[in-house]
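Visitor: Could you take me through one part of this structure in some detail? I'd like to see how a single piece sits among everything around it.

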Amino acid sequence: MANNIPANLKYTKEHEWTLIEGNTVTVGITDFAQSALGDIVFVEVPEVGSDLKEGSTFGVVESIKSVSDLYSPVSGEVIAKNSDVEGSPEKINKDAYGSWLIKVKVKDLTEINKLLSAEQYQEFCNSSH
Amino acid sequence: MSQLFRTQLFDEHVKLGGKIVPFAGWEMPVQYTSVKDEVLAVRNNVGVFDVSHMGEFFIDGKDAEAFADYLVTNDILNAPMRKAIYSPLCREDGTIVDDLIVYKLATGRVMICVNASNIEKDFAWMKSKQAGFECSLTNLSNVFSLIALQGPKSFEKLRPLLTELSDMEYYSVCETFAGGAPVIIARTGYTGEDGFEIFGHHQTIKDLWQKLLMAGVTPCGLAARDVLRLEVCYPLYGHELNDDVNPYDAGLSWTVKAQKAKFIGKEVLQNKPAKYKLVKLQLDKGIPREGYHVLNANNEVIGLITSGTMSVVINKGIALARIQIDKAPKDEVFMVDIRNKLYSAQLIKKPFVTGGHK
């Protein structure tokens, strides 16, 4: 199974990737997740301005055969969403790390410390698979 | 969960990179590359499925046809020899034990193909009904492997491998040979496309599988099979059909031949009892899934989605739904509750996709 895990990103156990730039966190789903899901046909993410809580669901990704919830890696306000990917969800299968879903303005930067490093995420994938 | 079974092609699936999942007590490939590609291969070209987990029973003897006819609701006695006949298998109260295909192989020789998850249940049921019929009933599920070659190019791909293969009619069956080994071939399938289901001993089917792949046939998994059958609105046991509904509840009234002299369930089924109605729903937005509620214009729950997916061919959400007959909306306005949001669904009269079978 494809499992490309860029070193510059942080991860969750729910298979989201995050890119942290100041207090802005960009969120997507990992290559592992897209590969496990198969053909992605539907993505639903919250509107800009929505408030997210760390660990709670903020949207869904659906493949032909299954529905998966998306879990917010951090708490904060949604400041952007990727309409391009909502319109063409198959882009996630082609390039999981190039297909971000939302950008969140983080409330509490200490939450970032809970995220997994690339190495930790790799280990997590190995042990859960 | 007890030990999962593996078909004789299991190693082939692993070699091909198939993603293996538990299904009906078996470890089966759910997909090899992509569900989309596999669906399109079958619709436009040709694909092959390992369906060896399914069960094969044989009825042999003077009363073989009469026994099969008594067991099921469809008409076996009057069907021509070498025909395949789809039918529910019902209880006295009309509820469905399973759905299956009866193959009239020869006079006094009938094969029945049943769902993998129901092999034990069906066999015990049939055995309990055998008294008075002069025939044997044998479960040869472990002796047979089964592959389904499906798609418009099926005949073209199979012909060079089976020199004796004639251009069989749709839903006919014959016993012939593949490389000297006996096989049973039926022009049947579960995709709506032209195709063949080939039953044979394990090594025979393994050889055939390998030759078909070498000839460029796409291996296809269970996920593609589920999309394909749903696009053409074929029911699946455990979803549209189960132990609590009868054929009228499940859109299968055409399979109940109430004029037959006797069959299990006749007393109840001849009165056409129906609590439910199976409807086809199509959504422009949202993907309906099994278990989601179906509502009418007044936001009342009137039924449940029994199977739903995103159609690969029409690129829309499609579903079969079991609606309470007394609540079926006359205005034909349907909505589906997807994660607490209501999406409007269009009632469709014909299958979502027209298969190209003969």
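What follows is a walk around one helix of chain B, with a short detour at the end.

Guide: Happy to. Keep in mind that this is a predicted model. Let's pick helix 7 of chain B, which runs over residues 222–231.

Start with how covered it is. Nine of the 10 residues of helix 7 of chain B are buried. Those are B:L222, B:A223, B:A224, B:R225, B:D226, B:V227, B:L228, B:L230 and B:E231. As you can see, B:R225, B:D226 and B:E231 are on that buried list too. And what does the covering? For the buried residues of helix 7, the cover includes helix 2 of chain B, along with strand 2 (19–23), strand 3 (26–31), strand 4 (47–50), strand 17 and strand 18 (317–324) of chain B. Following helix 7 you come to B:C233, which has a positive phi, near 65°.

Now zoom out to the domains. Chain B splits into domain 1 (5–53 + 142–231), domain 2 (56–128) and domain 3 (275–358). Between the C-alpha centres of domain 1 and domain 3 of chain B there are 30 Å. These two domains do touch: 14 residues of domain 1 and 13 residues of domain 3 of chain B take part in the contact. On the domain 1 side, helix 7 and helix 2 of chain B each give at least two residues. By class, that side has six nonpolar, six charged and two polar residues.

Helix 7 turns up again where the chains meet. That contact uses eight residues from chain A and 10 residues from chain B. On the chain B side, two or more residues apiece come from helix 2 (35–44), helix 7 and strand 17 (301–310) of chain B. The mix there is five nonpolar, three polar and two charged residues.

For the detour, go to strand 7 of chain B (residues 96–106), where you'll find B:V97. Why is B:V97 called buried? Because B:V97 has 24 C-beta neighbours inside 10 Å, and 20 or more is what it takes to count as buried. Setting aside neighbours within four places in sequence, the contacts of B:V97 are B:L89, B:C90, B:R91, B:K121, B:D122 and B:W125. As for B:F196, 99 residues away along the chain, its C-alpha atom and that of B:V97 are 26 Å apart.

Definitions and conventions:
Residues are numbered from 1 along each chain as its sequence is written. Chains are lettered from A and ligands numbered from 1 in the order in which they are written. This is a predicted model: local features need pLDDT of at least 70, side-chain atom pairs count only at pLDDT 80 or more; totals for chains, interfaces and linings use all residues. Two residues are in contact if their C-beta atoms, placed from the backbone, lie within 7 Å. Helices (H or I, at least four residues) and strands (E, at least two) are DSSP runs, numbered from the N terminus. Ala, Val, Leu, Ile, Met, Phe, Trp, Tyr, Cys and Pro count as nonpolar, Asp, Glu, Lys and Arg as charged, and the others, Gly among them, as polar. Domain bounds come from an automatic or database domain assignment. A residue is buried if 20 or more other C-beta atoms lie within 10 Å of its own, exposed if 12 or fewer, and partly exposed in between; C-beta atoms are placed from the backbone.
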